[in-house]
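Work through the exercises below with the sequence and the structure in view. Each task is followed by its solution.

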Amino acid sequence: MSNYHIKHLEEYFQVYRKSVENPEMFWEEIAEEHFLWRKKWNNVLSWDFTKPEVKWFEGAKLNITENCIDRHLVTKGDKTAILFEPNNPEEPAQKITYKELHKQVNKFANVLKSKGIEKGDRVCIYLPMIPELAISVLACARIGAIHSVVFAGFSSNALATRINDSECKMVITSDGSYRGAKTIDLKGIVDEALESCTCVDNVLVVKRINSAIAMKEGRDVWLTPLLDEVSSECEAEIMDAEDPLFILYTSGSTGKPKGMLHTTAGYMVYTAYTFKNVFQYTEDDIYWCTADIGWITGHSYIVYGPLANGATTVMFEGVPSYPDFGRFWEIVEKHKINQFYTAPTAIRALAKEGLGYVESHDLSSLKILGTVGEPINEEAWHWYDDNIGKRKSPIVDTWWQTETGGIMITPIPFSTPTKPTYATLPFPGIQPVLMDAEGNEIKGNQVEGRLSIKFPWPSMARTIWGNHQRYKDTYFSAFENKYFTGDGAFRDEVGYYRITGRVDDVIIVSGHNLGTAPIEDAINEHPAVAESAIVGFPHNIKGNALYGYVILKDTGESRNHDNLRKEINQIITEQVGPIAKLDKIQFTKGLPKTRSGKIMRRILRKIAANDLSNLGDTSTLLNPEVVQGIIDEALLEVK
Ligand code: PRX
């Protein structure tokens with residue numbers, strides 16, 4: 001018997017011990033008892049981190065949508081699967097039952113087929129948080145097409161890069177999206193992106209805001225009339241355990257975004273099992289994760305994990321500040337939310353607005369609170385605990401990554417005592433280690449190091465689309481035989497982990513992963529710019545904000561700096577998206593470089609944070625003299 005639902009600390013330790021002493025048996029029992037297989041596996045796990053190659057449940061056959069939808073039809077066909085809360089609070093919420101979801105996913109899948117989409121084809125989904133987003137994701141999975149969801153806040157350029165990288169045959173978008181009081185012309189962004197993509201045959205357009213948009217003859221089609229023409233039955237494609245399920249792009253510290261490839265069986269088993277335990281989901285609960293399905297959190301913990309458990313999962317189209325800063329709490333009250341999962345950035349932003357917005361709502365339905373995406377500071381943790389959870393709802397600070405597919409380090413509510421700013425203990429099956437710079441494991445407690453994982457887990461990404469070498473170089477080359485996360489962590493006296501932040505050139509701004517390279521590339525396109533370097537600096541609400549050091553060409557020297565700042569941010573918005581705009585820009589004469597020409601970001605980070613206490617040894621720089629110049633400039637004119 002597997003312990004699918006961990007209920008106290010002793011049980012957690014028992015389960016954890018079993019999961020590391022005999023991982024194959026552990027995962028096999030969970031997979032056996034809680035999922036629908038068309039055929040069982042021949043082998044639970046084979047792995048080799050030197051290649052790297054990892055295979056879970058090899059030989060098994062399944063379809064993830066049969067697990068997320070069909071198997072619930074008999075016992076909970078009339079239960080709400082997706083509860084949609086629109087941007088406009090006046091618009092009624094929509095309840096989609098499991099039966100209805102089944103019908104809609106099947107119809108959508110038939111439309112995809114009618115447009116020539118087959119197993120293995122890539123489909124790019126660029127949609128707002130409306131039910132069609134979850135439905136199209138599931139429709140792809142139904143027929144074995146690989147979905148690549150691109151967050152609908154990315155620019156046309158960023159979208160084009162992602163469409164081209166995985167050669168998507170189709171784009172699914174809408175006539176626009178609502179975002180608070182604004183609307184966004186998503187279709188216009190797609191049209192612009194497609195000017196530089198030759199792989200896309202069709203654009204399927206969902207009607208959402210009823211705006212007049214241009215439809216390109218022979219390429220663009222409205223979804224609704226097609227849905228009317230097709231059957232509401234679509235046989236699920238039978239997939240191998242290791243067949244690809246989706247690609248999701250994440251920023252790298254250098255180069256273009258990495259298309260992380262997740263496969264079917266292991267991802268399903270891990271996201272379902274973590275969902276059940278991390279949120280202690282019970283049958284009548286209403287669960288709400290505020291993330292966007294454009295990020296991994298939405299894939300794993302709005303769509304697949306909850307639906308595989310037959311849960312009711314909320315999808316919210318809007319923003320926390322519209323029509324006012326009480327919107328989250330209004331929704332918690334309205335739908336009697338039991339589990340609430342959000343980002344530290346949102347908590348900090350809402351805390352700043354005062355308690356009035358909180359106190360006017362009844363939050364007594366809440367049982368469990370969660371955070372994800374970035375470290376949570378102590379003050380925000382306490383604000384969340386005191387005012388939202390009223391000190392009776394445990395906070396699960398869940399550490400994980402796009403690459404890990406599911407939650408890796410987290411408290412189990414009502415089992416693991418929580419500790420502010422600590423993600424606490426590894427989830428069953430996860431074997432974290434801390435490494436020093438020389439590649440030795442740091443044993444014992446009260447130590448800090450680079451967080452790595454020494455044993456495979458079912459939902460780990462299997463490769464980077466089209467570039468296995470980069471997958472190996474990025475994750476499996478820093479430390480022999482280990483997956484390197486890119487994060488630093490501290491392990492306290494009882495073995496709890498606290499994530500201290502990235503140790504590479506990825507910067508987490510408002511919970512979003514941003515690589516420095518694409519932003520620098522965008523800045524360097526400005527005709528007045530010679531060179532640039534981006535670093536993160538601490539920010540009250542966003543966690544980190546971006547600070548750009550920009551060297552101007554001679555021809556740019558005479559330009560007005562405030563105008564240049566606006567233009568630079570405009571280019572970034574166009575090339576990457578508004579989330580990557582710089583908070584501060586310093587025009588500088590030089591950048592500190594190593595002898596091999598690499599920018600020494602460590603020094604720039606310290607100057608940006610106004611922490612000049614220990615700049616480290618600058619004598620090994622190619623140009624140590626520039627450092628004082630940068631410090632002097634920083635004092636004079638940075639905006
Ligand atoms: O630095 C860690 C941070 O977010 C990174 C992963 O970002 P992404 O792939 O976009 O996935 C975010 C959602 C899972 C990690 O390498 N991070 C994530 N969760 C936490 C965190 N940092 C501290 N505490 C967390 N709970």
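Two strands pair if DSSP finds at least two bridges between them; strands (E, at least two residues) and helices (H or I, at least four) are DSSP runs, numbered from the N terminus. The model is predicted: local features need pLDDT of at least 70, side-chain atom pairs count only at pLDDT 80 or more, and totals for chains, interfaces and linings use all residues. Residues are numbered from 1 along each chain as its sequence is written, and side-chain values use heavy atoms, without hydrogens and water.

**Exercise 1.** Find the order of the strands in the open sheet, and the strands at its edges.

Step 1. The open sheet has five strands in the order S22-S21-S23-S25-S26, with antiparallel pairing.
Step 2. S22 (441–442) and S26 each have a single partner strand, so one side of each lacks a neighbour in the sheet.
Step 3. Inside the sheet, S23 (residues 447–453) and S25 (residues 483–491) are joined by six bridges. One residue of S25, Phe484, is the bridge partner of Ser452.

**Exercise 2.** Describe the surroundings of the ligand.

Step 1. Of the 18 residues around the ligand (a heavy atom within 4 Å), Asp397, Thr398, Thr402, Asp487 and Arg502 come nearest.
Step 2. Helix H11 (296–308) and strands S20 (395–398) and S26 (497–502) each supply at least two residues of this shell.
Step 3. Polar side-chain atoms lie at these distances from an oxygen atom of the ligand: 2.6 Å for Thr402, 2.9 Å for Gln401 and 3.3 Å for Asn513.
Step 4. The protein covers 95% of the 540 Å² of accessible area (Shrake-Rupley method, 1.4 Å probe) that the ligand has on its own.

Terms used:
A polar contact is a pair of N or O atoms within 3.5 Å; within protein, one must be able to donate a hydrogen and the other to accept it, and residues adjacent in sequence count only if both atoms are side-chain atoms.
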